[in-house]
Amino acid sequence: MLTDINPKLPMRNKAITRDFYINQLGFQEFGSADFDGYLMVQNDNIQIHFFEFTALDPNENYGQVYIRTDDIDQLYQTFLANKTSIHPAGHLQLKPWGQKEFSILDPDNNLLTFGQSV
């Protein structure tokens with residue numbers, strides 16, 4: 001019955017969020033309308049939605065998404081080539097639970113962890 005999940009994360013500024021996800025992470029804007037205070041981006045089969053929260057304190061934001069990939073090494077190298085800042089504690093590494101992972105923070109402190117089973 002269930003087919004997809006599309007997380008909704010907070011954003012303070014739609015233009016900054018759009019720029020980061022499109023120009024740094026390679027997403028594309030999704031949808032046929034530009035809704036005020038709402039943004040949808042997509043990359044392959046992954047969609048992330050954002051809602052405007054202008055009073056958000058990034059230091060108090062704990063939004064997180066875990067995104068699975070089938071080529072973690074290439075994705076990591078692409079982000080490095082784009083000069084995407086990798087989370088200080090989130091460089092590419094093999095985890096004890098059998099995942100190879102890395103993490104980044106978006107402009108609003110939403111944590112994006114990318115992982116691949118090994």
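Reader: How many bridges join strand E3 to strand E4?
Author: In this predicted model, strand E3 covers residues 38-43 and strand E4 covers residues 46-52, and the two run antiparallel. One pair in this part of the chain is Asn 43, which stands opposite Ile 46 in E4. The number of bridges that join E3 to E4 is six.

Reader: Which strands are the edge strands of the open sheet that has the order E1-E4-E3-E2?
Author: This open sheet has four strands with mixed pairing, in the order E1-E4-E3-E2. An edge strand here pairs on one side only, and that description applies to residues 8-11 and to residues 28-29, which are strands E1 and E2.

Reader: Which helix lies across E1, E2, E3 and E4, and at about what angle does it run to E3?
Author: The helix that lies across these strands is H1, which is made of residues 14-24. Relative to E3, helix H1 runs at about 0 degrees.

Reader: What is the order of the strands in the open sheet that contains E5, and which are its edge strands?
Author: The sheet is open, with four strands and mixed pairing, and its order is E5-E8-E7-E6. The strands that pair on one side only, and hence stand at the edges, are residues 64-68 and residues 93-94, namely E5 and E6.

Reader: In what sense do E5 and strand E8 pair, and over how many bridges?
Author: Strand E8 consists of residues 111-117, and among the bridge partners there, Leu 111 is the partner of Gln 64, while Thr 113 is the partner of Tyr 66. The pairing of E5 with E8 is in the parallel sense, and the number of bridges is five.

Reader: Which side chains along E5 point to one face and are buried?
Author: In a regular strand the side chains alternate between the two faces of the sheet. Along E5 this alternation places Gln 64, Tyr 66 and Arg 68 on the face where the side chains are not buried. The side chains that point to the other face, and are buried, are Val 65 and Ile 67.

Reader: At about how many degrees does helix H2 run to E7?
Author: Helix H2, residues 72-81, lies across strand E7, residues 99-105, and also across E8. Its angle to E7 is about 25 degrees.

Reader: Is Asp 108 buried or exposed?
Author: Asp 108 is found in the loop between E7 and E8, where, leaving out residues up to four places away in sequence, it touches Pro 10, Met 11, Arg 12, Thr 17, Leu 56, Pro 58 and Asn 61. Because buried means under 20% relative accessible area, and Asp 108 has 2% relative accessibility, Asp 108 counts as buried.

Reader: With which side chain does the side chain of Asp 108 meet in a salt bridge?
Author: The salt bridge of Asp 108 has an N to O distance of 2.6 Å, and its partner is Arg 12. The pair links distant parts of the chain, 96 residues apart, with Asp 108 in the loop between E7 and E8 and the partner in the loop between E1 and H1. At 32% relative accessibility, the partner counts as partly exposed, and its name is Arg 12.

Reader: How far away from Asp 106 is the nearest side chain of opposite charge?
Author: Asp 106 has its place in the loop between E7 and E8, and its side chain is joined to that of Tyr 21 by a polar contact of 2.8 Å. A polar atom of the Asp 106 side chain also lies 2.9 Å from the backbone nitrogen of Asp 108. Asp 106 is nevertheless buried without a salt bridge, and the nearest side chain of opposite charge, that of Arg 12, is at a distance of 7.1 Å.

Reader: Which residue forms a salt bridge with Asp 73?
Author: In this salt bridge the closest N and O atoms are 2.8 Å apart, and the partner of Asp 73 is Lys 100. The pair links distant parts of the chain, 27 residues apart, with Asp 73 in helix H2 and its partner in strand E7. The relative accessible area of Asp 73 is 36%, so that residue is partly exposed, and partly exposed too, at 23%, is its partner, Lys 100.

Reader: Which residues are linked with Arg 18 in a network of salt bridges?
Author: The side chains of Arg 18 and Glu 29 meet in a salt bridge of 3.0 Å, N to O. Since Arg 18 lies in helix H1 and Glu 29 in strand E2, the pair ties together parts that are eleven residues apart in sequence. The residues linked with Arg 18 in the network are Lys 14, Glu 29 and Asp 34.

Conventions
Residues numbered from 1 in each chain as written. Predicted model: local features only at pLDDT ≥ 70, side-chain atom pairs only at ≥ 80, totals over all residues. Heavy atoms only, no water. Pairing = 2+ DSSP bridges. Contact = heavy atoms within 4.5 Å. Axes fitted to C-alpha atoms, helices over the stretch in contact; angles between N-to-C directions. Buried < 20%, exposed > 50% of the residue type's maximum accessible area, 1.4 Å probe, protein only. Lys, Arg positive; Asp, Glu negative; His and termini not counted. Salt bridge = Lys/Arg side-chain N within 4 Å of Asp/Glu carboxyl O. Polar contact = N/O pair within 3.5 Å; in protein donor to acceptor, adjacent residues only side chain to side chain.
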